[in-house]
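Open the model in your viewer and keep the sequence panel beside it. This tour suggests what to select at each stop and then says what is there.

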Amino acid sequence: ERQSAPLILAYGTEEQKRFHLPRICRGESFFAIGMSEPQAGSDLASVSTRATRTSNGWLLNGQKIWTTNADHCHYIIALVRTSGTSEDRQKGLSQLLIDLQTPGITIRPIETMDGEQEFSEVFFDDVLVPFDRTLGDEGDGWAFAMDLLPYERSTALWQRAAWLHRRLGD
């Protein structure tokens with residue numbers, strides 16, 4: 001929400017905006033941000049989670065780690081490699097809007113030293129993502145990731161309040 005709404009507002013299609021933004025504002029839809037990977041860490045240009053073009057959509061395989069609140073979210077915006085190799089660094093990266101209920105996704109919470117489970121690992125095993133879930137154009141993922149980072153921790157209070165409001169309502 002704190003990260004996803006500005007990104008969807010700036011780069012999403014009209015259909016993506018109409019679908020996601022009202023739900024985000026009402027606290028009905030929560031997004032995780034999938035960037036870090038076990039082999040890449042914070043070196044986002046080295047992500048290796050691969051989305052391969054098929055006739056039915058992107059076929060996604062890989063893993064994200066340290067994904068905040070993924071086990072409580074409905075969607076994830078994931079930085080993935082859609083072309084080239086990790087040696088291409090910033091080229092060939094795209095952002096996908098992925099429904100976390102899609103078959104092939106496994107979320108495993110990570111327990112921190114204080115016993116909390118705020119972070120998760122997210123595994124993608126042959127996950128089919130429709131092409132219309134691509135944020136912006138294929139290959140624009142690096143630029144979008146750089147736009148996303150300032151929002152990463154800047155408005156956490158708003159997200160927590162929306163999440164609590166929704167839970168109280170339920």
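Begin by selecting Trp66, which lies in strand 3. Keep in mind from this first stop onward that the model is predicted. Is Trp66 buried, partly exposed or exposed? With a relative accessible area of 48%, Trp66 is partly exposed, because the partly exposed class runs from 20% to 50%. If your viewer reports backbone angles, look at phi here, since Trp66 has a positive phi of about 60° although it is not a glycine. As a background for this, most residues other than glycine have a negative phi. Now move the selection to Asp126, which is found in strand 7, made up of residues 119-129. Asp126 is also a residue other than glycine with a positive phi, in this case near 55°.

**The whole chain**

Clear the selection and show the protein chain as a cartoon, so that you can trace its four helices and eight strands. In what order do the helices and strands follow one another along the sequence? Read in that direction, the protein chain follows the pattern α-α-β-β-β-β-β-β-β-β-α-α, so the eight strands come between two helices at the start and two at the end. If you switch to a surface view, the protein chain exposes about 8,800 Å², and carbon and sulfur atoms supply 51% of that area. Of the 170 residues of the protein chain, 45% count as buried. Residues 24 or more positions apart account for 69% of the contacts with a separation of 6 or more, and several of the later stops show pairs that are many residues apart in sequence.

**The first two helices**

Select residues 4-11, which form helix 1, together with residues 14-25, which form helix 2. The axes of these two helices come within 10 Å and cross at roughly 155°. That angle makes helix 1 roughly antiparallel to helix 2, because angles over 145 degrees are placed in that class. The crossing of helix 1 and helix 2 is left-handed. To see which side chains meet, display Ser4, Ala5, Ile8 and Leu9 in helix 1, and then add Gln16, Lys17, His20, Leu21 and Ile24 in helix 2. Sorted by class, this contact has five nonpolar, three polar and one charged residues.

**The loop between strand 1 and strand 2**

Next, find the loop between strand 1 (31-34) and strand 2 (50-54), and select Ser36 within it. Ser36 has a relative accessible area of 18%, and it counts as buried because that value is under 20%. Leaving out residues up to four places away in sequence, Ser36 touches Gly41, Ser42, Leu44, Gln63, Lys64 and Ile65. Met35 is in the loop between strand 1 and strand 2 as well, and Met35 is buried, with a relative accessible area of 7%. Draw a distance from the C-alpha atom of Met35 to that of Gln63, and you should find 9.4 Å between two residues that are 28 apart in sequence.

**Arg53 in strand 2**

Continue to Arg53, which is found in strand 2 and is partly exposed, with a relative accessible area of 49%. Which residues is Arg53 in contact with, once its neighbours within four places in sequence are set aside? They are Trp58, Phe131 and Glu138. For another distance, take the C-alpha atoms of Arg53 and Ser83, which are 9.1 Å apart in space while the residues are 30 apart in sequence.

**The loop between strand 3 and strand 4**

For the last stop, go to the loop between strand 3 (57-68) and strand 4 (75-81), where Cys73 is found. Cys73 counts as buried, at 8% relative accessibility. When residues up to four places away in sequence are not counted, Cys73 touches Phe30, Phe31, Ala32 and Leu100. The C-alpha atoms of Cys73 and Ile33 are separated by 9.8 Å, although the two residues are 40 apart along the chain. Finish with Asn69, which is found in the loop between strand 3 and strand 4 and which counts as buried at 12% relative accessibility. How far apart in space are Asn69 and Phe119, C-alpha to C-alpha? The separation is 5.5 Å, for residues that are 50 apart in sequence.

Terms used:
Residues are numbered from 1 along each chain as its sequence is written. This is a predicted model: local features need pLDDT of at least 70, side-chain atom pairs count only at pLDDT 80 or more; totals for chains, interfaces and linings use all residues. Side-chain values use heavy atoms; hydrogens and water are left out. Axes are lines fitted to C-alpha atoms, for helices over the stretch in contact, and angles run from 0 to 180 degrees between N-to-C directions. Angles under 35 degrees count as roughly parallel, over 145 as roughly antiparallel, 65 to 115 as roughly perpendicular and the rest as oblique. A crossing is left-handed if the near helix is turned anticlockwise from the far one by less than a right angle, and right-handed if clockwise. Contact means heavy atoms within 4.5 Å. Ala, Val, Leu, Ile, Met, Phe, Trp, Tyr, Cys and Pro count as nonpolar, Asp, Glu, Lys and Arg as charged, and the others, Gly among them, as polar. Buried means under 20% relative accessible area, exposed over 50%, partly exposed in between (1.4 Å probe, protein chains only). Accessible areas come from the Shrake-Rupley method with a 1.4 Å probe; for residues, only the protein chains shown count as cover.
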